[in-house]
Amino acid sequence: MMSVAAIIPAYNEEKTIGNVLNVVSNCSLINEIIVVSDGSWDNTVNIAKNYNVKVIELKDNIGKGGAIKAGLKECSSDIVLLLDADLIGLRENHVYDLITPIIHENIDMTVGIFKNGRAITDIAQKIAPDLSGQRAVRKLILDEIKDMDIVRYGIEVTLTIHVNKKGYKIKDIYLDDITHLTKEEKLGFINGFSSRLRMYKDILKVISKSVSNK
Ligand SMILES: O=c1ccn([C@@H]2O[C@H](COP(=O)(O)OP(=O)(O)O)[C@@H](O)[C@H]2O)c(=O)[nH]1
Ligand SMILES: O=C(O)[C@@H](COP(=O)(O)O)O[C@H]1O[C@H](CO)[C@@H](O)[C@H](O)[C@H]1O
């Protein structure tokens, strides 16, 4: 039987990380749970420590890709479930639906797409499903990506480009009744929007590099 780890990068997610950990800790398919606090200064780490999970505490905020890379270093499972810590409405069946195609259908990566959650997040995911942070991937594929830490929010696009290039099999999975906090909800409009612009910059860098390498 293949082993499964959940890696959850978290930067100041005290409001939501408890619920995410309630779900993954009760999921029998998951053998290993790694929370990577990416320089959080709120209660994220204290909350995570209440669960039976490995907590990696990065001193500085290095970006999402770097946080996932730090989690991968400590991970020894065959399949990695990547989940954001700001999910609202995550249920065990979502986790199951993301993982089982890799175990039973010879799929290499699943990508979770929000559906019937909130219009604002459903529409964002419909327009750009490749940005989704909810995925299950074979660990050996993640290990092939060397510049994960440099790309920051470009990690999902990097992964999708890599998987397509190598001809690995992807399956989209619709996740019902789930949403997440938007950056503007977490940080306020001005800070949230500027964080969003920095995220788009990270993503565009990855896309333009991939286009110029073609
Ligand atoms: O520098 C960062 C930025 C984000 N994250 C985490 O990466 C996930 C996705 O980021 P974010 O919530 O900003 O994306 P959004 O939900 O807005 O799409 C969340 O668990 C964040 O806490 C992180 O570990 N380091
Ligand atoms: O869906 C999107 O447009 C962006 C931004 O989400 P919000 O507008 O803050 O809800 O979020 C996703 O993209 C990031 C980059 O790929 C991922 O890291 C996040 O996990 C994902 O939710």
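Where does D177 lie? D177 sits in the loop between β8 (170–176) and β9 (179–180), and it is a good doorway into this predicted model. From that loop we can move on to the strands that pair with one another, the nonpolar core, a well-covered helix and the shells around two ligands. Here is a friendly tour, topic by topic.

**Two residues with positive phi**

- As background, most residues other than glycine have a negative phi.
- D177 is not a glycine, yet its phi is positive, at about 55°.
- D177 counts as partly exposed because it has 14 C-beta neighbours inside 10 Å.
- N12 also has a positive phi without being a glycine, with a value near 55°.
- The place of N12 is the loop between β1 and α1 (17–25).
- N12 counts as partly exposed, since 19 C-beta neighbours fall inside 10 Å and a residue is called buried from 20 upwards.

**Strand pairing**

- Strand β4 (residues 79–82) and strand β7 (residues 135–138) pair in the antiparallel sense, with 4 bridges between them.
- Within that pairing, I79 has R138 of β7 as its bridge partner.
- Strand β7 also runs antiparallel to strand β6 (residues 109–115), and 3 bridges join β6 to β7.
- Two of the residue pairs can be named here: M109 has V137 of β7 as its bridge partner, and T110 has A136 of β7.
- Strand β6 pairs with β8 too, this time in the parallel sense and over 7 bridges.
- I113 stands opposite Y174, which belongs to β8.
- Strand β6 is mostly covered, with 5 of its 7 residues buried.

**The nonpolar core**

- The largest nonpolar core holds 54 residues, and those that touch the most other members are A6, I7, V20, V80, L81 and I99.
- Strand β1 gives the most to this core, namely 6 residues.
- Leaving aside residues up to four places away in sequence, I99 touches V4, L29, I79, L81 and A136.
- Two of these contacts lead back to the strand pairs: I79 is the residue bridged to R138, and A136 is the bridge partner of T110.

**Helix α3 and the loop before it**

- Helix α3 is mostly covered, as 8 of its 10 residues are buried.
- The buried residues of α3 are K64, G65, G66, A67, I68, K69, A70 and G71.
- Their cover includes strands β1, β2 (32–38), β3 and β4, together with helices α7 (148–151) and α8 (155–166).
- K59 is found in the loop between β3 (54–58) and α3 (64–73).
- Is K59 buried or exposed? K59 is exposed because 8 other C-beta atoms lie within 10 Å, where 12 or fewer is the cut-off for that class.
- K59 and L181 are separated by 122 residues in sequence and by 24 Å in space, C-alpha to C-alpha.

**The shell around ligand 1**

- Ligand 1 is surrounded by 16 residues, and the closest are P9, Y11, D38, D84 and A85.
- The elements giving two or more residues to this shell are β1 (4–10) and α3.
- By class, the residues around ligand 1 divide into 5 nonpolar, 5 polar and 6 charged.
- Both contributing elements have appeared above: β1 gives the most residues to the largest nonpolar core, and α3 is mostly covered.

**The shell around ligand 2**

- How many residues surround ligand 2? There are 15 residues around ligand 2, with A124, L131, G133, E156 and T182 the closest.
- Helix α5 (residues 119–127) gives the largest share of this shell, 3 residues.
- The shell around ligand 2 is made up of 5 nonpolar, 6 polar and 4 charged residues.

**What the record says**

- UniProt lists residues 6–115 under "domain: Glycosyltransferase 2-like", in an unreviewed entry.
- In the model, the end C-alpha atoms of residues 6–115 lie 22 Å apart.
- This span is 34% helix and 27% strand.

Key
Residues numbered from 1 in each chain as written. Chains lettered and ligands numbered in written order. Predicted model: local features only at pLDDT ≥ 70, side-chain atom pairs only at ≥ 80, totals over all residues. Near = placed C-beta within 6 Å. Nonpolar A, V, L, I, M, F, W, Y, C, P; charged D, E, K, R; others polar. Pairing = 2+ DSSP bridges. Core = buried A, V, L, I, M, F, W, Y, C linked by C-beta atoms within 7 Å. Contact = placed C-beta atoms within 7 Å. UniProt positions renumbered as here; feature names shortened; annotations may be inferred.
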